[in-house]
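The following note is addressed to a student who is reading a structure of this kind for the first time. Please keep the sequence and the model in view while working through the numbered points.

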Amino acid sequence: MRPTPMRRTALCGLAATALLLAGCGSQSGKDTGGGDGKVSPSASPSGAGCAPLVQLKASDGGRTVCVAKGGEVRVTLDGTKSRPWKPLMATGSALKGINAGFVIMPGQATAAYQAVATGTEKLTSSRPLCAEPTAPGQVSCKGIQEWTVTVNVK
């Protein structure tokens, strides 16, 4: 039995919901750095022990991180040509954009910032939840995956 258009739409909605919920897992905040001087992002409510270098990726969305004044925040969001990340946006005055290097993969968004002032900054981006249909009669998905990280500079 072939799915009807209504059933396909419901299935796409369920699939999109499952993808969205899969991105909402718990986060341990453990340092997974390999001793190479890079510090994984972790929340630091008191400001003690803020990292000199914070490297963020798509799975860090929703987190709050702390970077030491004078330190750096580097972001690499791996996307695809059919589901590209929008360029990163920063709101606030605690971070100053610096050269992030080259974007190598289609759909990827990269950015680098220097922590220039004490304060809080929000970094944001978004991308489609699913690729656009490539043939007539395929189901379209208009969902958006949001990515936000709060950066505290201390």
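1. A definition is needed at the outset. A polar contact is a pair of N or O atoms within 3.5 Å; within protein, one atom must be able to donate a hydrogen and the other to accept it. With this in hand, consider S125, whose side chain reaches the backbone oxygen of K86 at 2.6 Å. The distance falls within the 3.5 Å limit.

2. The status of the model should be stated early: it is predicted. The average pLDDT of the protein chain is 75, and 68% of the residues score at least 70. Over residues 1-47, however, the pLDDT is below 50. That stretch still has 44 contacts in the model beyond near neighbours in sequence. The points on individual residues below concern other parts of the chain.

3. As to overall architecture, the protein chain contains one helix and seven strands. Read from the N terminus, the order of elements is α-β-β-β-β-β-β-β. Of the 154 residues, 29% are buried. The chain exposes about 9400 Å², and carbon and sulfur atoms supply 59% of that area.

4. How much of the contact pattern joins residues 24 or more positions apart in the protein chain? Among contacts with a separation of 6 or more, such pairs account for 59%. Several of the residues discussed below illustrate contacts between separate parts of the sequence.

5. S125 belongs to strand β6, which covers residues 119-128. Is S125 buried or exposed? Its relative accessible area is 5%, so S125 counts as buried, the limit for that class being under 20%. Beyond neighbours within four places in sequence, S125 is in contact with L77, W85, K86, P87, L88, Q145, E146 and W147. K86, the partner in the polar contact of the first point, is thus one of the residues on this list.

6. L77 also appears among the contacts of S125, and it deserves a point of its own. L77 is located in strand β2, residues 64-77, and is buried with a relative accessible area of 0%. Its contacts, not counting residues up to four places away in sequence, are K57, A58, W85, L88, G107, Q108, A109, S125 and W147. For one of these, G107, the sequence separation from L77 is 30 residues, while the C-alpha atoms lie 8.6 Å apart.

7. G71 is another residue of strand β2. At a relative accessible area of 7%, G71 is buried. Apart from neighbours within four places in sequence, it is in contact with P52, Y113, Q114 and A115. The C-alpha atoms of G71 and L95 are separated by 9.6 Å, with their positions 24 residues apart along the chain.

8. V149 is found in strand β7, which spans residues 144-153. V149 counts as buried, its relative accessibility being 0%. Setting aside neighbours within four places, V149 touches L56, D60, G61, G62, R63, V65, E121, K122 and L123. Although V149 and G61 are 88 residues apart along the chain, their C-alpha atoms are separated by 5.6 Å.

9. Charged side chains come next. Side chains of opposite charge can pair when their charged atoms come close. How many salt bridges does a search of the whole structure find? The search finds two. One joins the side chains of D60 and R63, with an N to O distance of 3.3 Å. The other joins E72 and R74, whose closest N and O atoms are 3.1 Å apart.

10. The surroundings of these two pairs can be contrasted. D60 is buried at 5% relative accessibility, and R63 is buried at 14%. Both D60 and R63 are also in contact with V149. By contrast, E72 is partly exposed, with a relative accessible area of 26%, and R74 is partly exposed at 28%.

11. The last point concerns the surface. F102, I104 and M105 form a nonpolar patch there, with about 430 Å² of accessible area together. M105 is situated in the loop between β4 (95-98) and β5 (109-115). Why is M105 classed as partly exposed? The relative accessible area of M105 is 49%, and the class of exposed residues requires over 50%.

Key
Residues numbered from 1 in each chain as written. Predicted model: local features only at pLDDT ≥ 70, side-chain atom pairs only at ≥ 80, totals over all residues. Heavy atoms only, no water. Helix = DSSP H or I, 4+ residues; strand = E, 2+ residues; numbered from the N terminus. Buried < 20%, exposed > 50% of the residue type's maximum accessible area, 1.4 Å probe, protein only. Contact = heavy atoms within 4.5 Å. Areas by Shrake-Rupley, 256 points an atom, 1.4 Å probe, with all protein chains shown as cover. Salt bridge = Lys/Arg side-chain N within 4 Å of Asp/Glu carboxyl O. pLDDT = per-residue confidence, 0-100. Patch = residues over 30% accessible without salt bridge, like charges linked within 9 Å, V, L, I, M, F, W, Y side chains within 5 Å.
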